[in-house]
Amino acid sequence: MPLLVTCQDLQPGMRLAEAFMFRGRTMLPGGKVLTIEDIDILRRKYAEIILKVGDPVLDSLVEFEDDSREREVATTVTHQIQSTMTDVQQKFGQHTDLGGIDFSRIKNTVSSVVEFLKDNPVSAALINRTASGLGYLPEHAGNVFYLSMVLGAAVRDYVVRERLRQTAANNLASSVAMDLKPLGLGAMFLDIALTQMPHMFNEQYKLTDDNRKFIREHPKMGAEMLPDTLPPVTKMVVRGHHESCDGTGYPEGWPMEKLHVFVRIVRICDAFDAATSQKFFRTSKSPARVLWEMAYGPFRSRYDPTLMKVFLSIIQPFPIGTVLTLEDGRGAVVVKYNRKSPFAPTVVVAFDENGAKLQQDQLVGPVNIGEGNSLKLKSVGEEELSFLYEASPGIVKRPTVFNDLLEMTYP
């Protein structure tokens, strides 16, 4: 069973359970036994990464869910879109307009990626959080594109499978029968207008009142910048991607019933990726915290509840191999996702209160957290998870003034 291990915790002799990918390239192959030299380079160059290493004892005892294929697909898709968006932004910066961009090639790129995803379906949407080195906007575009396409496909399948009969569900069903390519194009170009203000992405930069006004208008500006050769729905997605289902979004403040399903999809994916982007936003949060806040917490009114239900079935807060600390102090390793209840994954209790590995006859599981047992999560890493067991809090109002770029997207 693979364990997620930080570079600081690596030891010589550990075996990589899957390849270490960086900027679309394989830096170390899966199965490699790490040497002292390997670990020294990893600690110096990639200090913040987390690797999957195999545990010979647990590997022989526990069957774990293999999510390496999902990670490979995510890396392939996001890298292709990131590269495309880097080219777009460079040309935009050179020409100060979009006239020099070959949109037919971009549409072909999206079509090829859609076909790739069709031939390589994923059961869980995973993002490789290792920085691509291309900058925040291309990385963000790649991640939002990938999440939006996977969520769009999942929503379509969900509607067919569940055969929802409510009025709202019937409207949803008719919408998601549409081609997903306009959704993908919209996800790519969400923030195209922000490329006019690259200085705002400097960590030390303080937003001015003019910046805040520009931010509020950038969805409308971005839609107006796109050529008429793109599908009308794509422009609608770009224009509406900061609208919220409770009417607190911008620039128009449209309520949920006026928002196309693709707009509601990218709203979720845009917010989730921005809120969990630790490479850029120092105030970012963990996937677990963000998923809880969006679905059950203080920001739940912002997002379509039906789409969030589907999103929670494909986005998992705790990757395979994560060591979770239980309320009694023992450590439990995630071995399988729980798509019906993602905050209650299937685990094996494999460590005692002091972090030492339990003997084979002392292992507990595999079991789902809290299902027919008293297991309860306490923390993951340094993050406390007590919020998972709190009563639903009151809705928090959206701030009227943005203090930084993260607040413009999340919540």
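Q: In what order do the strands of the open sheet of three strands stand, and is the pairing parallel or antiparallel?
A: In this predicted model, the strands of that open sheet follow the order β1-β5-β2, and their pairing is antiparallel. Reading such an order from end to end shows where the edges are: β1 (2-6) and β2 (15-16) each have a single partner strand, so one side of each is left without a neighbour in the sheet.

Q: How many bridges join β1 to strand β5, and which residue in β5 stands opposite Val5?
A: Five bridges join β1 to β5 (residues 50-54), and the two strands run antiparallel; within this pairing, Val5 has Leu51 opposite to it.

Q: Where is confidence lowest, and where is it highest?
A: Where pLDDT is low, the predicted coordinates should not be read in detail. Here the mean falls to 52 in helix α6 (residues 167-176), which is the lowest, while helix α9 (residues 232-240) has the highest, at 96. For the protein as a whole the average pLDDT is 85, and 88% of the residues score at least 70.

Q: Does Thr234 count as buried or exposed, and which residues does Thr234 touch?
A: Thr234 lies in helix α9, and Thr234 counts as buried because its relative accessibility is 0%, where the cut-off for buried is under 20%. Leaving aside residues up to four places away in sequence, Thr234 touches Pro182, Leu185, Gly186 and Leu226. With one of these, Pro182, there is also a polar approach, since a polar atom of the Thr234 side chain lies 3.0 Å from the backbone oxygen of Pro182.

Q: How many aromatic pairs are there, and what is the geometry of the pair formed by Phe272 and Phe311?
A: The count comes to eight aromatic pairs. Among them, Phe272 and Phe311 are edge-to-face, with 5.5 Å centre to centre and 80 degrees between the planes. This pair links distant parts of the chain, for Phe272 is in helix α10 (residues 261-275) and Phe311 is in helix α12 (residues 305-314), 39 residues apart. Both Phe272 and Phe311 are buried.

Q: What is the geometry of the pair formed by Trp292 and Phe387, and where in the chain are the two residues?
A: Trp292 and Phe387 form a tilted pair, 5.2 Å centre to centre with 55 degrees between the planes. Trp292 belongs to helix α11 (residues 287-295), whereas Phe387 sits in the loop between β11 (383-384) and α13 (405-409), 95 residues apart; Trp292 and Phe387 are both buried.

Terms used: Residues numbered from 1 in each chain as written. Heavy atoms only, no water. pLDDT = per-residue confidence, 0-100. Helix = DSSP H or I, 4+ residues; strand = E, 2+ residues; numbered from the N terminus. Buried < 20%, exposed > 50% of the residue type's maximum accessible area, 1.4 Å probe, protein only. Polar contact = N/O pair within 3.5 Å; in protein donor to acceptor, adjacent residues only side chain to side chain. Contact = heavy atoms within 4.5 Å. Pairing = 2+ DSSP bridges. Phe/Tyr/Trp six-rings, centres within 6.5 Å; stacked < 30°, edge-to-face > 60°.
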